[in-house]
Amino acid sequence: MSEQLRTPSQTSHVRQAAETVKEITERIANSVGQVILGKNNEVRLTILGMLCRGHILLEDIPGVGKTMMAKSLARAVGCTFNRIQFTPDMLPSDITGVSIFNPKTREFEFRPGPIMAQIVLADEINRATPKTQSALLEAMEEAQMTVDGVTYRLSNPFLIMATQNPIEYEGTFPLPEAQLDRFLIRIQMGYPQPQDELNILASQQYQHPIQNLQQVVTLKELLAVQQLIKDVYVAKEVQQYIINLITASRRHSDVYLGSSPRGSLALFRTAQARAAMSGRDFAIPDDVKALAEVTLAHRIIVGPAARLKNITSRAIVQDILQSTPVPGSSVR
């Protein structure tokens, strides 16, 4: 809704909605933060992805809390949770489910797979073959799956949180561009700071803190917040800034394949969510700049010559941010 077309009552309603989003975000962040210590930014990015109804790729070395992040988030928001451990011998039916013949009824009965949950952890997703990975494409894009010609709607909300360990190249298959593009954001956890790691030791001396994690948000509240962020105002100048960044990613000399239109939609929606999570009813260029790397870097394919120079997609995004003019403060 355009800011110029809003009535005073509509403007007040949207501002109250932004405050509601901020309050619920803080509730979830404080709850998950009891388990994932010292990773406030990563926790908030994960919550942001969930509020945008987008899928999340957690990429980092083993043991830094990727799996625990997904479990903690599911508990905090009261969503059903399933974990899929990807292996090279896994088949697509191991994910989607299979139809089994019942001799009593003489009919085929569908046995749903683990993807039939609200939050699905695709653990070590790059260990499965491309055939198995492709079983997720329809689910990630359309929130449905087709088995034996029958289409089944998935849960609402539906979120896939996938993990992959970048250093374990043996026995892994790189994710295809089509699947990477379906992830809203990619997050790197990183090592904890020494003091945070010391707190981790103390918190897990007797039992894991996730055992005491309670639900802090109802499903109704979560679905309402996911709808509320769509009302956040994004000025034409900020929208044009997003398009300029996307266009620059396609024209950069070190890029073989730039961001798709999904990238511009991802940057637009996450900017709305970040604004609402901050209690604002309008997005600003700083929202776009803060989210450009996590929304665009995994969609950019670095050219062969640039790879030889060890140039990464993240470095390219930072170069684009520095070279693209930021619009003036005319968002209102």
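A pocket, as the word is used in these legends, is an open set of grid points with protein on both sides within 12 Å along at least five of seven lines. The model shown in every view is predicted.

**Figure 1. The largest pocket and the residues closest to its centre.** About 830 Å³ of space lies in the largest pocket of this predicted model. Its lining is made up of 26 residues, and those closest to the centre of the pocket are Glu-59, Gln-164, Leu-180, Arg-186 and Ser-313. Helix α7 (177-180), strand β11 and helix α14 each supply at least two residues of this lining.

**Figure 2. The largest cavity and its lining.** A search of the whole structure finds one cavity of 30 Å³ or more, and the volume of the largest cavity is about 30 Å³. Leu-245, Ser-249, Ala-292, Leu-296, Val-317, Ile-320 and Leu-321 line this cavity. At least two residues of the lining come from each of α10, α12 and α14, with α14 giving the most, namely three residues.

**Figure 3. Helix α12 and the elements that cover its buried residues.** Helix α12 has 12 residues, and the distance from its first C-alpha to its last is 16 Å, close to the 16 Å expected at 1.5 Å a residue. Pro-285, Asp-287, Val-288, Leu-291, Ala-292, Val-294, Thr-295 and Leu-296 are the residues of α12 that are buried. The cover over these buried residues includes α2 (40-51), β9 (183-187), α10 (236-251), α11 and α14 (313-323).

**Figure 4. The surroundings of Arg-299, in the loop between α12 (285-296) and β11 (301-302).** Arg-299 counts as buried because its relative accessibility is 6%, which is under the 20% cut-off. A polar atom of the Arg-299 side chain lies 2.6 Å from the backbone oxygen of Asp-181, and a polar atom of that side chain also lies 2.5 Å from the backbone oxygen of Thr-295. When neighbours within four places in sequence are left aside, the residues in contact with Arg-299 include Asp-181, Phe-183, Leu-184, Leu-257 and Arg-262.

**Figure 5. The largest nonpolar core, with Leu-73 and its contacts.** In soluble globular proteins, nonpolar side chains tend to be buried together. The largest nonpolar core here has 72 residues, of which Ile-28, Ile-47, Met-50, Leu-51, Leu-73 and Met-161 touch the most other members. Helix α11 (residues 261-277) gives the most to this core, with seven residues. Beyond its neighbours within four places in sequence, Leu-73 is in contact with Ile-28, Val-32, Thr-46, Ile-47, Met-50, Ile-119, Leu-159 and Met-161. A second, separate core has 23 residues, among them Ala-128, Leu-136, Ala-139 and Met-145.

**Figure 6. Backbone details in three loops.** Most residues other than glycine have a negative phi, and most peptide bonds are trans. Asn-156 and Pro-157 are joined by a cis peptide bond, with omega about 0 degrees, and Pro-157 lies in the loop between β7 (150-153) and β8 (159-164). Arg-106, although not a glycine, has a positive phi of about 55 degrees; this residue is found in the loop between β3 (97-102) and β4 (107-112) and counts as exposed because its relative accessibility is 64%. Ala-143, also not a glycine, has a positive phi of about 55 degrees; Ala-143 is placed in the loop between α6 (137-142) and β6 (144-147) and, at 23% relative accessibility, counts as partly exposed.

Note on methods. Residues are numbered from 1 along each chain as its sequence is written. This is a predicted model: local features need pLDDT of at least 70, side-chain atom pairs count only at pLDDT 80 or more; totals for chains, interfaces and linings use all residues. Side-chain values use heavy atoms; hydrogens and water are left out. Helices (H or I, at least four residues) and strands (E, at least two) are DSSP runs, numbered from the N terminus. Buried means under 20% relative accessible area, exposed over 50%, partly exposed in between (1.4 Å probe, protein chains only). A polar contact is a pair of N or O atoms within 3.5 Å; within protein, one must be able to donate a hydrogen and the other to accept it, and residues adjacent in sequence count only if both atoms are side-chain atoms. Contact means heavy atoms within 4.5 Å. A nonpolar core is a set of buried Ala, Val, Leu, Ile, Met, Phe, Trp, Tyr and Cys residues joined through side-chain atoms within 4.5 Å. The expected span of a helix is 1.5 Å times one less than its number of residues. On a 1 Å grid over the protein atoms alone, a cavity is a set of points where a 1.4 Å probe fits but cannot get out, and a pocket is an open set with protein on both sides within 12 Å along at least five of seven lines; lining residues have an atom within 4 Å of a point. Grid points are joined across faces, edges and corners, and a volume is the space filled by probe spheres set on the points.
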